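Student: Please take a close look at a single part of this model, the place where two helices pack and the aromatic rings beside them. I would like the cut-offs stated with each term.

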Amino acid sequence: MSATGLDVFDKTLQTTNIWLDEIMTEIGPDRQVAWHVLGAVLHALRDRMQPDLAAHLGSQLPILVRGAYYDQYQPSTTPEKLRSLDEFLAKIKAELEFTRPVDSKDAFRVVSKVLAHHVGEGQMIKVWESLPAEIRRVAAAQQAA
């Protein structure tokens, strides 16, 4: 018998927990912080991309993560013109303000690694290519890892 009564819910919960476990391996054993790190990085990526590309990435996320990804999304205001790595990391840092301290570059690095591991390679190449070179270098390094 499934835990929730619906296989689709069980699968998304299991997959989301796998992603969070991978994040916690690198940022520490706090599932709530891992959830916030995942959301902060996904929001920064989503808001930096064209809406079509953001939607394509969203379609490959587990349903539970997809809900967080689209939370407070305003496609008419995207893509944001964050050109430097510092601006991009500041966006992540601002969203993590109310969690225990997590370095925004570490957050971006670890979530990039999780995405590279679980999302289709072709999709992630498109996402990385949509980013300015300085930001892309940090993310693309995780694609090869």
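Tutor: What follows goes through the helix packing, then the rings, then the loop that comes after.

This is a predicted model, in which local features need pLDDT of at least 70, side-chain atom pairs count only at pLDDT 80 or more, and totals for chains, interfaces and linings use all residues. Residues are numbered from 1 along each chain as its sequence is written, and side-chain values use heavy atoms, with hydrogens and water left out.

Two packed helices are described by the angle between their axes and the distance between the axes. Helix α2 covers residues 31–48 and helix α4 residues 63–70; they pack at an angle of about 60 degrees, with their axes 9 Å apart. Helices here are DSSP runs (H or I, at least four residues), as strands are (E, at least two), numbered from the N terminus. The axes are lines fitted to C-alpha atoms, for helices over the stretch in contact, and angles run from 0 to 180 degrees between N-to-C directions. α2 and α4 are therefore oblique to each other (under 35 degrees counts as roughly parallel, over 145 as roughly antiparallel, 65 to 115 as roughly perpendicular and the rest as oblique). α2 passes α4 in a right-handed crossing, meaning that the near helix is turned clockwise from the far one by less than a right angle, whereas anticlockwise would be left-handed.

On the α2 side, the residues that meet α4 are Trp35, Leu38, Leu42, His43 and Arg46; their partners in α4 are Leu64, Val65, Ala68, Tyr69 and Tyr70. Contact means heavy atoms within 4.5 Å. By class, this contact of α2 with α4 has eight nonpolar, one polar and one charged residues (Ala, Val, Leu, Ile, Met, Phe, Trp, Tyr, Cys and Pro count as nonpolar, Asp, Glu, Lys and Arg as charged, and the others, Gly among them, as polar).

Leu64 of α4 is partly exposed, with a relative accessible area of 38%; buried means under 20% relative accessible area, exposed over 50%, and partly exposed in between (1.4 Å probe, protein chains only). Leaving aside neighbours within four places in sequence, Leu64 is in contact with Thr12, Leu13, Thr16 and Trp35. The C-alpha atoms of Leu64 and Gln14 are separated by 10.0 Å, and the two residues are 50 apart along the chain.

Now the rings. The structure holds three aromatic pairs. In one of them, the rings of Tyr69 and Tyr70 have centres 5.0 Å apart and planes at 75 degrees, so the pair is edge-to-face. Rings of Phe, Tyr and Trp (its six-membered ring) pair if their centres lie within 6.5 Å; planes under 30 degrees apart count as stacked, over 60 as edge-to-face and the rest as tilted. The rings of Tyr70 and Tyr73 have centres 5.9 Å apart and planes at 50 degrees, so that pair is tilted. Tyr69, Tyr70 and Tyr73 form one aromatic cluster. Within this cluster, Tyr69 is buried at 0% relative accessibility, Tyr73 is buried at 17%, and Tyr70 is partly exposed at 31%.

The backbone of the loop needs a check too. Most residues other than glycine have a negative phi, and most peptide bonds are trans. Gln72, in the loop between α4 and α5, has a positive phi of about 60 degrees although it is not a glycine. Gln72 is exposed, with a relative accessible area of 68%. Pro79 also has its place in the loop between α4 and α5 (85–95), and the peptide bond from Thr78 to Pro79 is cis, with omega near 0 degrees.
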